[in-house]
Amino acid sequence: MAFHLGHTLIIANPVAQSGAGAEGADFVRGALERYDSATDGFTVRLTTGPGNATQLARAANGYDSVLALGGDGVIHEVVNGLMKIDVGRRPRLGIIPLGSGNDYARTLGMAADSPAQSLGQIFGGVARRVDLGLVNGTYFDETLSFGVDAAIALDTMERRQRGGAHGTRLFMASGFDVIRHELRSWPFVARFDDEEVRGRSLVFAVQVGPTYGGGFPICPNADPRDGRLDVCHSAGDPSRATALLTFVKARFGAHTHSRYLRFRTARKLVVDFEGEPPCQADGERVAGSHFEVECVHRALEVICPTWRL
């Protein structure tokens with residue numbers, strides 16, 4: 001039996017992947033017109049710029065499902081809009097990933113860059129409640145990071161706007177350049193639940209799901225339904241050569257035994273940095289030096305393949 005989406009809002013970024021978003025929206029519109037039993041009617045809205053997906057999702061009162069077409073940035077915006085709706089009326093979320101990194105798609109088991117396949121997964125999927133992260137009032141569905149890994153993520157955004165490489169290849173290229181030319185650590189004090197840790201942060205990633213950067217399994221055991229955030233942070237100041245080697249190992253999940261990295265989980269953490277480090281949440285820049293972070297347990301209902309989560 002096909003999953004019934006009910007009254008459905010489709011939010012699409014038309015410029016995702018150099019116009020693939022607009023083509024994806026046309027495909028989904030045609031598919032739902034042909035299979036009208038899948039919904040109780042649908043509306044398509046194309047985003048007009050940064051922040052617009054949040055506005056559209058926030059206004060989705062009365063819808064049963066919201067389908068987000070685009071990359072991690074659009075999904076991040078849609079999630080933040082949906083979380084403005086009272087939990088009793090909040091639509092479930094389905095994603096049709098058409099971005100560069102597609103890390104949240106990996107976590108949910110959704111096929112990337114294939115609207116036909118991902119829509120088929122939605123039609124045959126199930127609804128599951130998943131966790132979100134919350135940092136200083138902003139929700140994140142996959143990743144929050146500070147320091148070098150945030151600098152790499154933000155650099156990839158700038159490079160992506162210029163065209164060329166994307167996904168893991170783009171993150172690797174940015175990583176090599178940032179580590180070679182902009183390597184530095186940031187003194188921090190962090191409280192993980194009831195444990196206080198002091199150190200210097202070269203890498204500091206807080207994960208709902210396991211990957212960032214287009215497939216780097218930075219926290220391989222992260223589970224978006226366990227009520228905890230997984231954290232990978234550095235301890236000490238490795239040499240530039242060691243940092244580069246660890247970065248390459250992280251691509252394949254072989255970084256977990258590094259003596260410079262620490263792994264832990266927490267429901268809540270508070271982090272204070274000396275100075276203002278680069279910071280990003282799902283690829284979007286976050287400003288500040290004081291961060292209050294928590295896991296919002298099973299905050300959002302998502303549609304995913306039956307074998308996932």
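In this predicted model, S145 makes contact with several residues beyond its close sequence neighbours. Leaving aside those within four places in sequence, its contacts are A150, F204, A205, P278, C279 and Q280. Q280 also takes part in a polar contact. The side chain of S145 meets the side chain of Q280 at 2.7 Å. S145 belongs to strand β7, which covers residues 143-147. S145 has a relative accessible area of 0%, so it is buried.

L144 is found in strand β7 too. Its relative accessibility is 0%, and therefore L144 counts as buried. Residues up to four places away in sequence are again not counted. On that basis L144 touches V135, F204, A205, V206, Q207, C279, Q280, A281 and V293. L144 can also be placed relative to R285. The two are 141 residues apart in sequence, yet their C-alpha atoms lie 9.8 Å apart in space.

A third residue of strand β7, F146, brings in the aromatic rings. The model holds 14 aromatic pairs. One of them joins F146 and F273. The ring centres are 5.0 Å apart and the planes meet at 45°, a tilted arrangement. The pair links distant parts of the chain. F146 sits in strand β7, F273 sits in strand β13 (residues 268-273), and 127 residues separate them. Both F146 and F273 are buried.

A further pair is formed by F176 and F247. Here the ring centres are 5.9 Å apart. The planes stand at 80°, so the pair is edge-to-face; the cut-off for this class is over 60 degrees. This pair also links distant parts of the chain. F176 is in helix α7 (residues 167-181) and F247 is in helix α8 (residues 240-250), 71 residues apart. The two partners have their own burial values. F176 has a relative accessibility of 29% and therefore counts as partly exposed. F247 is buried because its relative accessible area is 9%, and the limit for burial is under 20%.

Ring pairs also build a cluster. Its members are F146, F188, F192, F204, F273 and F291. F204 in this cluster is also a contact of S145 and of L144.

Helix α8 has five buried residues named here. They are A243, L244, T246, F247 and A250. These residues lie on the same side of α8, because they cover an arc of only 165° around the axis.

R251 is placed over two aromatic rings. Its charged end sits over the ring of F216, 5.9 Å from the ring centre. R251 also lies over the face of F252, at 5.7 Å from the centre of that ring.

Nonpolar cores complete the picture. In soluble globular proteins, nonpolar side chains tend to be buried together. In this model the largest nonpolar core has 48 residues. I11, L69, V78, V79, L82, L93 and I95 touch the most other members. I11 has contacts with R45, T47, A53, L56, A57, V66, L67, A68, L69 and V78, with residues up to four places away in sequence not counted. A second, separate core has 24 residues, among them A190, F192, V271 and C279. Of these, F192 is also part of the ring cluster. C279 is touched by S145 and by L144.

Note on methods
Residues are numbered from 1 along each chain as its sequence is written. This is a predicted model: local features need pLDDT of at least 70, side-chain atom pairs count only at pLDDT 80 or more; totals for chains, interfaces and linings use all residues. Side-chain values use heavy atoms; hydrogens and water are left out. Helices (H or I, at least four residues) and strands (E, at least two) are DSSP runs, numbered from the N terminus. Buried means under 20% relative accessible area, exposed over 50%, partly exposed in between (1.4 Å probe, protein chains only). A polar contact is a pair of N or O atoms within 3.5 Å; within protein, one must be able to donate a hydrogen and the other to accept it, and residues adjacent in sequence count only if both atoms are side-chain atoms. Contact means heavy atoms within 4.5 Å. A nonpolar core is a set of buried Ala, Val, Leu, Ile, Met, Phe, Trp, Tyr and Cys residues joined through side-chain atoms within 4.5 Å. Rings of Phe, Tyr and Trp (its six-membered ring) pair if their centres lie within 6.5 Å; planes under 30 degrees apart count as stacked, over 60 as edge-to-face and the rest as tilted. A charge sits over a ring if NZ of Lys or CZ of Arg is within 6 Å of the ring centre and within 35 degrees of the ring normal. The arc is that of the directions from the helix axis to the C-beta atoms.
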